[in-house]
2 protein chains.
Amino acid sequence: MAAAPQDRRPTVEQEIDQRLAKAGLRWTRGRRAVVEAMGRSTAPMSVPELQSAVGPGVPLSSLYRIITDLLEAKVLLKLEFAEGFARFELDEELASHHHHLVCTSCGQVADLELADLEVTLGASVKSIRRRTGFRATAHRLDFFGLCAACA
Amino acid sequence: MAAAPQDRRPTVEQEIDQRLAKAGLRWTRGRRAVVEAMGRSTAPMSVPELQSAVGPGVPLSSLYRIITDLLEAKVLLKLEFAEGFARFELDEELASHHHHLVCTSCGQVADLELADLEVTLGASVKSIRRRTGFRATAHRLDFFGLCAACA
DNA sequence: ATATATGCAAAACTTTTGCATACAA
DNA sequence: TTGTATGCAAAAGTTTTGCATATAT
């Protein structure tokens, strides 16, 4: 659903602009390329994947520095799936809260929304705080198994 | 509760023995030290943590090789919390299925059991298979926030 | 104009590997 | 005894950093 004229909620682009500004970061060619590549992807990307999505204009060291900055600005989220390297995706508030399906055979990682579960998880957060004093502000739920193609 | 004489279920040690044997692995001093250190810990350990728990008798390269072997034998489980390095814990069937509370302030990782949630998650696994064809055989749920001490 | 971001090269950190020796079965 | 595991050193893979230059504001 596109933003209607009377919609006062900022677009994703505007929201990203704001986060960069708040972090004191400039809107540069490299950062634009990374954010756009992330926006095009439907699953968290590794740095090599990001590099080929962005094209040869951005060297590795810059990619890593851009990622570090975007993490600090809360534009990106860092994920690790016990693969030995990190993956990244757009911050959940910029996209939507979701979980991951990790295929243990081919390594593919897919996004998945499970709205009904979130209610239950919200209740768990309260019970955790009551039982342990831990104040959870975020969670991650990943499923491991075989994707349709590998099964 | 200790195993009663009539209890036919193997102890954790026997179960580990079996898994090593099935994988064709010998029960050596280094592996024993690692398994014991893991058994003593209540939270997943990084390799440096494991190294100091085990003491100076086991060099890094051996530790990593031992970990690799124990992962293959399904005695250990590998976890990553987007810290840039891996953590390890005893396989869930050797301990108990649980989740993690990761403090984003001090970095502490604590174990947590949430039995009631497992039922809901089981239902989700079925719904995922129906909707996407993905066959989940395991899951991981981690909560991020502030531990009681940091809050 | 000025502070910030980039590009290149070098380095740091985690993890893996080759090879000779030591050890478990 | 025989194959497996270990220890040391060297290397590989991922991520970080120093410094000079280029760029956004």
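**Entry 1: the DNA surface**

I'm counting a residue as near a DNA strand if one of its heavy atoms lies within 4 Å of that strand. With that settled, I looked up which helix gives the most to the surface near DNA strand C: the largest share comes from H4(A), with four residues. I'm working on a predicted model, not an experimental one.

I then asked which helices supply at least two residues each of that surface. In chain A they are helix H2 (29–40) and helix H4 (60–72), and from chain B helix H4 (60–72) joins them. Both chains therefore show up in my list of helices for this surface, as "at least two residues" is met by helices of chain A and of chain B.

I found 22 residues around DNA strand C. The ones that come nearest are Arg29(A), Arg31(A) and Arg65(A), along with Tyr64(B) and Arg65(B). On the DNA side, I looked at the atoms of strand C that come within 4 Å of the protein, and sugar and phosphate make up 58% of them. Sorting the protein surface by class gave me eight nonpolar, eight polar and six charged residues.

**Entry 2: single contacts to strand C**

I picked out three polar contacts. Ser62(A) has a polar side-chain atom 3.0 Å from a phosphate oxygen of DNA strand C. Ala86(B) also lies 3.0 Å from a phosphate oxygen of the strand, but here the protein atom is a backbone N or O. What does the side chain of Arg65(B) face on DNA strand C, at 2.7 Å? I checked, and a polar atom of that side chain sits 2.7 Å from a base oxygen.

**Entry 3: salt bridges**

I get 12 salt bridges over all chains. One of them joins Arg31(A) to Asp69(A), with the closest N and O atoms 2.9 Å apart. Arg31(A) belongs to helix H2 of chain A and Asp69(A) to helix H4 of chain A, so this pair ties together parts 38 residues apart in sequence. I also looked up the exposure of Arg31(A): its relative accessibility is 12%, so I put it down as buried. Arg31(A) was also on my list of residues nearest DNA strand C.

Next I followed Arg87 in both chains. In chain A, the side chain of Arg87(A) meets that of Glu49(A) in a salt bridge, 3.1 Å from N to O. Arg87(A) is in strand S3 (residues 86–90) and Glu49(A) in helix H3 (residues 47–54), so here too the pair ties together parts 38 residues apart in sequence. Arg87(A) is buried at 7% relative accessible area, while Glu49(A) is partly exposed at 33%.

In chain B, I noted a salt bridge from Arg87(B) to Glu83(B), with the closest N and O atoms 2.8 Å apart. Arg87(B) is buried at 6%, and Glu83(B) is partly exposed at 27%.

I also came across a network of salt bridges that links Glu15(A), Arg19(A) and Asp91(A).

**Entry 4: how the copies relate**

I superposed chain B on chain A: a rotation of 180° with 0.0 Å of shift along the axis does it, at an RMSD of 0.1 Å. The two copies are thus related as by a two-fold rotation axis. Which residue of chain B comes closest to the rotation axis? I found Leu141(B), its C-alpha 2.2 Å away. I also compared the interface residues: 100% of those in chain B are interface residues in chain A too, so the copies meet through the same surface.

Technical notes
Residues numbered from 1 in each chain as written. Chains lettered and ligands numbered in written order. Predicted model: local features only at pLDDT ≥ 70, side-chain atom pairs only at ≥ 80, totals over all residues. Heavy atoms only, no water. Least-squares fit on C-alpha atoms with pLDDT ≥ 70 in both. Contact = heavy atoms within 4.5 Å. Polar contact = N/O pair within 3.5 Å; in protein donor to acceptor, adjacent residues only side chain to side chain. Nonpolar A, V, L, I, M, F, W, Y, C, P; charged D, E, K, R; others polar. Salt bridge = Lys/Arg side-chain N within 4 Å of Asp/Glu carboxyl O. Buried < 20%, exposed > 50% of the residue type's maximum accessible area, 1.4 Å probe, protein only.
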